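I opened the model today and kept a short notebook as I went. Here is what I looked up, in the order I looked.

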Amino acid sequence: MSSLDKGKSTVYFGVGINSKKAHGKIRFYNENTHPVSQNEAFSSPTVKETRSAESEKARFFKALEKTVEKTKKTANLARTEIGEDEAQIFEIHAMLLEDEDFLESVVSALESGLSAERAVEKSAEDFYLQLRALGDEYLSARASDIKDIAGGLLLELGSKAENCEIEDDGQYILVSEDLTPSQTVRLDKNKILGFITFSGTPTSHASILAKAMGIPAVVGAQKIPTEYDGKYCLLDASSGKITVAPSESEKREFLKMCNQEKRIDTEHDKYMRSLLNTPAVTRSGHKVMIYANIGAKNEVDGALLNGAEGIGLYRSELSYLSRRAQPTEDELYSEYREVVEKMQGRRVIIRTLDVGADKQAPYLGIEKEENPSLGFRGVRFCLENKNMFLIQLRAILRASAHGRVGIMIPMISTLDELRRTRLLIKEAMDELLLRGQGYDKSIELGIMIETPASAIMADAFAKEVDFFSVGTNDLLQYTLAADRQNSKVSHLTEEAEAVLRLIKNAAEAIHENDGWIGVCGEMAADLRYTQELVSIGVDELSVSPPYLLGIRQKVCDSK
Ligand code: PEP
Ligand code: MG
């Protein structure tokens, strides 16, 4: 895309990550004090190649220890200031720092005579380039995490300046080649009105964090020349438009829009709050359960505040992915119990471990696959890792003694998988009986409909389970053969008709067998589909907490 000259102002475009707007002076990160180089991923600072390999190793390991410690502190900061999901980004950074392959590569570079700085740069750069070369949007987005980690180590080795602050008392819109997750989380919200990066995508961690922090941002923007530093600019993160040096009329128009949006926001908020206790019943009398999707126990408060009638999807794998080792039964039990108790008798559907594809942790030992989405994931992994599965099943069962729990199995495609899972649930129950530990003997069992096979076979499954929840994120990818991580084919998932038909047929079969069906993929939160989903007869919509009230309102407005 080329920039468009409009009179005195200059317009640039990128991808907006939220619907927010900002205006103010732009400031470029100073190349000398900025931990991320403007031109290269890993620019080499002055390096000292004169010390012995042993002393360089000692320097490196000391820096490593300090960086891990700092990264954990950042994780805690993110946990208190933003949320658990965001904290996990830094927990994973801490794990990556101690990744065996990375450490091996650094040590071998040190042994070949490189300085600690060069060894870190070289190993990180190799890793970074490998990820970039894969041409995969998701992995490219992870490449900036590697920069972040290397930047932290170089900082400890004394070759980068820590402070990336701009000497300016006022507020500004930050412009940078890229931002790493830890730079994003440390942005001073009192100073930063918004940011623009030339790299990055809406799925990169910096974008995910900025969204959660409510910072207006445009990523992957056209290059703005550095001579514009200090110029006034209008940043519209909903359209991705950046207007540098706007004319008076452009500025007036923009400010008018900002004020209107602010007014609408407060009035809208007030109205939405008034819906909190309104039952979600369509105009024709169909009652829909409005449940929340969560990934961690600290999201329950937000769910309840926004009127969640239950938890429709507890993505239990997130707590596995943030750890260095498999959680114990007691750790899982205490997490689940806390959620169940907070929900005070409302239904809590815990989805069993759904790892594989893009959800990986080193200790799971999942081998690299040609086609991970079609590979060893979800229940397929669990059935081959029975001990790990049994530990989780026992933890869920024990939590069921404290409220109303449902077990939901991900990525089911055959009846055999379901039956083998049921046998393991029975084995877990027997063990608890032997131990004298309580559980809900009539605990509900459900499956996710994420594969076309489970949707088509819903009538057979309905004879064996209590409920279903449609994972439209995966069902769309498998039905349309469009990888959900690949932005080049994401337009295909807008063609939802095939999936809607699958849901309709499944719903009919499930209702004939007295079961119920919900939707917990992102389609459940997309207001364009609410009318159709409720007229198909979907019984539950499960969405992340910020969308709960909007969906409740839309259901009430539906026919
Ligand atoms: C889905 O596939 O729609 C779903 C809810 O599961 P996840 O997004 O965790 O794969
Ligand atoms: Mg899924």
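**Around helix α20**

I started with the packing: the buried residues of α20 contact α8 (248-274), β10, α9, α19 (527-536) and β17. By contact I mean heavy atoms within 4.5 Å, and by buried under 20% relative accessible area, with exposed over 50% and partly exposed in between (1.4 Å probe, protein chains only). My helices (H or I, at least four residues) and strands (E, at least two) are DSSP runs, numbered from the N terminus. Helix α20 covers residues 548-557, and 8 of its 10 residues are buried. I listed these as L548, L549, G550, I551, R552, Q553, V555 and C556.

**Ground rules**

I note that this is a predicted model, where local features need pLDDT of at least 70 and side-chain atom pairs count only at pLDDT 80 or more, while totals for chains, interfaces and linings use all residues. Residues are numbered from 1 along each chain as its sequence is written, chains are lettered from A and ligands numbered from 1 in the order written, and side-chain values use heavy atoms, with hydrogens and water left out.

**Strand β10**

Next I turned to β10, residues 289-294: 6 of its 6 residues are buried, so the rest of the structure largely encloses this strand. In a regular strand the side chains alternate between the two faces of the sheet. I saw M289, Y291 and N293 pointing one way and I290, A292 and I294 the other.

I then checked its neighbours, counting two strands as paired if DSSP finds at least two bridges between them. Strand β17 (residues 540-543) runs parallel to β10, joined by 4 bridges, and A292 has V543 as its bridge partner there. Strand β11 (residues 311-315) also pairs with β10 in the parallel sense, over 3 bridges, and I found I294 opposite Y314.

I followed the chain through helix α9 (residues 300-305), which makes a right-handed β-α-β unit with β10 and β11. Right-handed here means that, with the strands pointing away from the viewer, the path from the first strand over the helix to the second runs clockwise.

**The magnesium ion**

Which protein donors does the magnesium ion (ligand 2) have? I found E450 (OE) and D474 (OD), lying 2.0 to 2.1 Å from the ion. E450 sits in the loop between β14 (444-449) and α15 (452-456), and D474 in helix α17 (residues 472-479), 24 residues apart. Donors are N, O and S atoms within 2.8 Å of the metal (3.2 Å for Na, K and Ca); water is not among the atoms, so sites may look incomplete. Both E450 and D474 are buried.
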